[in-house]
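Open the model in your viewer and keep the sequence panel visible. The tour goes from one selection to the next.

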Amino acid sequence: MSQSANPTYAVVGATGAVGREMLDVLCAQGVGAESIRAFASPRSAGRRLEYGNAEITVEALEPGVLEGIDIALFSAGSAISKQFARPTAARGTVVIDNSSAFRMDADVPLIVPEINGDELTANESRRLIANPNCSTIITLMAVTPIHRLLGVARMVVSTYQAVSGAGAAAMEELRRQAREVLDGGEPTCRVFDQPCAFNVFSHNTAIGEDGYNVEETKMVKETHKIWGDGSVRITATCIRVPVFRAHCASINLTLREPVGDLDAVREAIAAFPGVRLVDDRAANRFPTPLEASGRDEVLVGRLRLDPSQIDGKGRCFGLNLFAAGDQLRKGAALNAVQIANVLLAHAGV
Ligand SMILES: NC(=O)c1ccc[n+]([C@@H]2O[C@H](COP(=O)([O-])OP(=O)(O)OC[C@H]3O[C@@H](n4cnc5c(N)ncnc54)[C@H](OP(=O)(O)O)[C@@H]3O)[C@@H](O)[C@H]2O)c1
């Protein structure tokens with residue numbers, strides 16, 4: 001990586017839901033427009049994107065255009081990542097990839113900086129780093145403090161996923177369908193094969209022979225890789241809900257150690273970087289996707305002992321909780337920029 005004081009960035013997929021958020025995160029942390037190049041498909045070449053008080057002109061992604069860039073943040077889908085990421089990394093650019101193309105590759109670190117960021121500094125030579133699946137990041141930000149305190153033996157997670165997880169076109173689909181239905185018409189489906197407005201449906205990824213969809217399988221495999229512990233038993237149900245942004249997760253845990261004191265769990269959650277405890281029973285205030293939208297922190301609450309997991313000695317091994325996090329930020333763009341920041345800090349820039 002460049003030792004220059006001003007590293008250069010490329011955002012690949014800059015016109016998309018995640019790419020736009022990456023530009024916002026970089027702008028907010030003071031990276032100047034002159035240090036950033038924005039790439040998308042040839043359809044978008046020449047388009048101008050707002051960047052603080054400046055504008056950045058979108059360039060078409062073609063072989064060779066990323067030459068000389070210090071850090072390339074990819075969010076243009078797996079096919080583009082498979083074509084461009086490894087050749088770009090081989091020429092010396094650090095590539096942080098948001099797609100699922102390389103997440104399970106043994107030579108590619110899968111990183112949530114607050115959880116396993118130390119793997120970045122232990123593997124300095126790695127130039128291709130994968131950003132985990134958005135639901136996995138949000139769930140693990142909520143559960144990792146509990147895992148560190150009491151050890152998770154089993155996790156049952158049910159997600160409530162915003163439409164923006166399927167990209168900018170899906171947000172437009174929810175907007176359009178809501179208007180169509182409120183005007184008394186039928187919703188037209190372009191992105192999802194069933195209505196997303198006023199509806200809830202099983203995640204729109206392919207279903208395997210075992211009946212689990214790809215999103216559910218990713219949550220299991222990626223958790224094992226991030227925690228470096230394949231022994232944790234995990235099962236997931238992933239659902240789309242008519243929410244613009246921020247995913248939620250309802251989580252039931254079986255712990256290795258009994259829960260002595262719920263306040264100690266609350267303290268561990270509240271102390272974890274990037275997490276905010278929202279657990280006000282008296283006011284019935286808990287995490288919501290609206291409150292999580294646009295925020296960096298993952299909101300965690302609805303913390304309850306699970307009475308179905310009390311043993312014969314009265315010890316409780318089960319916990320329930322609920323999390324909400326903006327999957328375009330911590331679930332994608334912010335996490336990727338945080339990875340870049342860890343690498344830059346380590347390179348002494
Ligand atoms: N949305 C999320 O919450 C989320 C979270 C985690 C990870 N991800 C992953 O991030 C990636 C992008 O997701 P998204 O939600 O931002 O999708 P999106 O809104 O549909 O954006 C896709 C982006 O890819 C660009 N693109 C498409 N074809 C291209 C090509 N041939 N060459 C260069 N760029 C091309 C698009 O450019 P044009 O505008 O020119 O078509 C656009 O900028 C996906 O791999 C997704 O799985 C998404």
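A residue counts as buried here if its relative accessible area is under 20%. Keep that cut-off in mind, and note that this is a predicted model.

Start by selecting strand β5, residues 71–74. Which residues of β5 are buried on each side? I71 and L73 are buried on one side, and A72 and F74 are buried on the other, so both faces of the strand are covered. In a regular strand, side chains alternate between the two faces of the sheet.

Next, add strand β1, residues 9–12. β1 and β5 run parallel and are joined by four bridges. To see one bridge pair, pick Y9 and its partner in β5, I71.

Now add strand β6, residues 94–97. β6 also runs parallel to β5, and four bridges join these two strands. Here L73 has I96 as its bridge partner. Follow the chain from β5 through helix α2, residues 78–90, to β6: this β-α-β crossover is right-handed.

Move to helix α1, residues 17–28, and select V18. Beyond its neighbours within four places in sequence, V18 is in contact with S75, N98, L328, A332 and A333. Then select Q327, which is 309 residues from V18 along the chain; their C-alpha atoms are separated by 9.0 Å.

Finish at the ligand. Of the 26 residues around the ligand, those that come nearest are T15, S41, R43, S44 and A168. Show the side chain of S41: one of its N or O atoms is 2.6 Å from an oxygen atom of the ligand. Polar backbone atoms also lie by ligand oxygen atoms, at 2.9 Å for A17 and 2.8 Å for A168. The protein covers 77% of the 890 Å² of accessible area that the ligand has on its own.

Methods. Residues numbered from 1 in each chain as written. Predicted model: local features only at pLDDT ≥ 70, side-chain atom pairs only at ≥ 80, totals over all residues. Heavy atoms only, no water. Contact = heavy atoms within 4.5 Å. Buried < 20%, exposed > 50% of the residue type's maximum accessible area, 1.4 Å probe, protein only. Pairing = 2+ DSSP bridges. Right-handed = clockwise from strand over helix to strand, strands pointing away. Near = heavy atom within 4 Å. Polar contact = N/O pair within 3.5 Å; in protein donor to acceptor, adjacent residues only side chain to side chain. Areas by Shrake-Rupley, 256 points an atom, 1.4 Å probe, with all protein chains shown as cover.
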